[in-house]
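Me: I should like to go through this structure in a series of questions, with the reasoning behind each reply.

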Amino acid sequence: MCTKKGDVSLVFNGEIYNYQELREEFLGSYEFRGSSDTEVLLHLYEELGETFLTKIQGMFALALYDTKKGILLLARDHVGKKPLYWTHHDSTFIFGSELKALRKHPSCPKKISTTALAQYLVYEYVPGPATIYENVSKLDPGTYLIYDGKNVTQGTFGRIISTQGAYTKNFESAKDELHALLQTAVQKRMVADVPVGVFLSGGLDSSTIAYFAQKSSTNQIKTFSIGFKDTSFDEREYAREVATFLGTDHHEYVVGPEELLKVIHEIPQVLDEPIADSSIIPSLILSRYTSKEVKVVLGGDGSDEIFFGYGTFFAHRVGLWYEKIPKCITRVIRYVVERLPVSHAYMSFDFKAKKFISGFQYDKGSP
């Protein structure tokens, strides 16, 4: 989108949650052609310059070109939900939302970074600002970049930092505040140009999102679940129970080993760089199925990290007690656990027990 004069152009991917409030507060004197958040961003830059980034709330990757100043401005949201890649080689500056787009340009570096490869093997992903390619970077979350035709400068406009300190209120107050924060967050994300759905697994995280999404909508929201022919992996019954309770328009898609294996070969083209997360396979299949119904979905990713939902957190608590058991008894426990029959069911007891025991083979101070 461009201004009427054509002196400022904007390419924008994402959603700005507070664009209506920004329009009322700062842009009362501007003539609008439509009602989109993109146009608000364009005029907000005209009004405030680069500081407009400190005012916006949302998920976004944007590129803004100002012909009067002769600058290109790139920016990525506070959390980094939307990807943004760039490289500067000789007199050429290349940027895009996907590495595969950059690779189409003949000047884009294509040599694998051995440092990034080592980081992937350690962390199971390539931490920013590096990418799997040498001299190609991710723009960090909450960061902007300005290119003036010669030089690249970067700065920070916002990061997620907790400055509240220790929580001093009681548990009931904490529950009420968390409920209000979740409700507000989901309501903001329900504002979109197209219908919004929810990925629903039946777990606490996605079920919570679905609850607030349905509560925030006057229409029946669409929820989507993936199922597996292997019953130990299949969680559709939980999702179905939540969908029935909330009254959502629920959709299910069941996959077998053949389809899962087929998708593995497509993963590199989708991801651009390696990520060791097996859930990407069903997520890709479910996304393709869901896109036939809606183009935007909400999910519950991140809550297990924030609220200690993973089994490994529970294992740490058990481990504190296990360490107090005399060595002669733990040797017997190890002997029994290591000889448990192997089960191929998802997160079987023998798998969890053997992983738990193996964790105590290493000294706490060792890497």
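**Ring contacts and the parallel sheet**

Reply: To begin with a contact in this predicted model, the charged end of R23 lies over the ring of F32, at 3.8 Å from its centre.

Me: Which residue lies over the face of W321, and at what distance from the ring centre?

Reply: A charge counts as sitting over a ring if NZ of Lys or CZ of Arg is within 6 Å of the ring centre and within 35 degrees of the ring normal. The residue over the face of W321 is K324, and the distance from the ring centre is 4.7 Å.

Me: In what order do the four strands of the open sheet lie, and which strands stand at its edges?

Reply: The pairing in this sheet is parallel, and the order is β11-β10-β9-β12. β11 (249–255) and β12 (296–298) each have a single partner strand, so one side of each is left without a neighbour in the sheet. From one strand to the next, the twist averages 30°. The edge strands are therefore β11 and β12.

Me: How many bridges join β10 and β11, how many join β9 and β10, and how many join β9 and β12?

Reply: Strand β10 (residues 222–228) pairs with β11 in the parallel sense over seven bridges. The parallel pairing of β9 with β10 rests on two bridges. For β9 and β12, again paired in the parallel sense, the number is three.

Me: Which residues are the bridge partners of F224 in β11 and of G197 in β12?

Reply: F224 has a bridge partner in β11, namely H251. F224 is in turn the bridge partner of F199. In β12, the residue opposite G197 is V297.

Me: Which helix touches β10 and β11, and what angle does its direction make with that of β11?

Reply: The helix that packs on the sheet with contacts to β10 and β11 is α7 (residues 236–246). Its direction and that of β11 make an angle of about 170°.

Me: Which strands does helix α10 lie across, and at what angle does it run to β10?

Reply: Helix α10 comprises residues 280–290 and lies across β9 (196–199), β10, β11 and β12. Its angle to β10 is about 135°.

Me: How many aromatic pairs does the whole structure hold, and what is the geometry of the pair F224 and Y289?

Reply: The search of the whole structure gives nine aromatic pairs. In one of them, F224 and Y289 are 6.5 Å apart, centre to centre, with 80° between the planes. Planes over 60 degrees apart count as edge-to-face, and the pair F224 and Y289 is accordingly edge-to-face.

Me: Why does the pair F224 and Y289 tie together parts that are apart in sequence?

Reply: F224 belongs to strand β10 and Y289 to helix α10, so the pair ties together parts separated by 65 residues in sequence. As for accessibility, both F224 and Y289 are buried.

Me: Is the pair Y253 and Y289 stacked or edge-to-face, and is Y253 buried or partly exposed?

Reply: The centres of Y253 and Y289 lie 5.0 Å apart, with 25° between the planes, and the pair is stacked. This pair links Y253 in strand β11 with Y289 in helix α10, 36 residues apart. Because its relative accessibility is 27%, Y253 counts as partly exposed.

Me: Which residues do ring pairs link into a cluster?

Reply: Ring pairs join four named residues here into a cluster. They are W86, F93, F95 and Y147.

Me: How many disulfides are there, and are C108 and C328 buried or partly exposed?

Reply: A disulfide requires a pair of cysteine sulfur atoms within 2.5 Å, and by this rule the count is zero. With 5% relative accessibility C108 counts as buried, whereas C328, at 47%, counts as partly exposed.

Terms used:
Residues numbered from 1 in each chain as written. Predicted model: local features only at pLDDT ≥ 70, side-chain atom pairs only at ≥ 80, totals over all residues. Heavy atoms only, no water. Buried < 20%, exposed > 50% of the residue type's maximum accessible area, 1.4 Å probe, protein only. Pairing = 2+ DSSP bridges. Axes fitted to C-alpha atoms, helices over the stretch in contact; angles between N-to-C directions. Contact = heavy atoms within 4.5 Å. Phe/Tyr/Trp six-rings, centres within 6.5 Å; stacked < 30°, edge-to-face > 60°.
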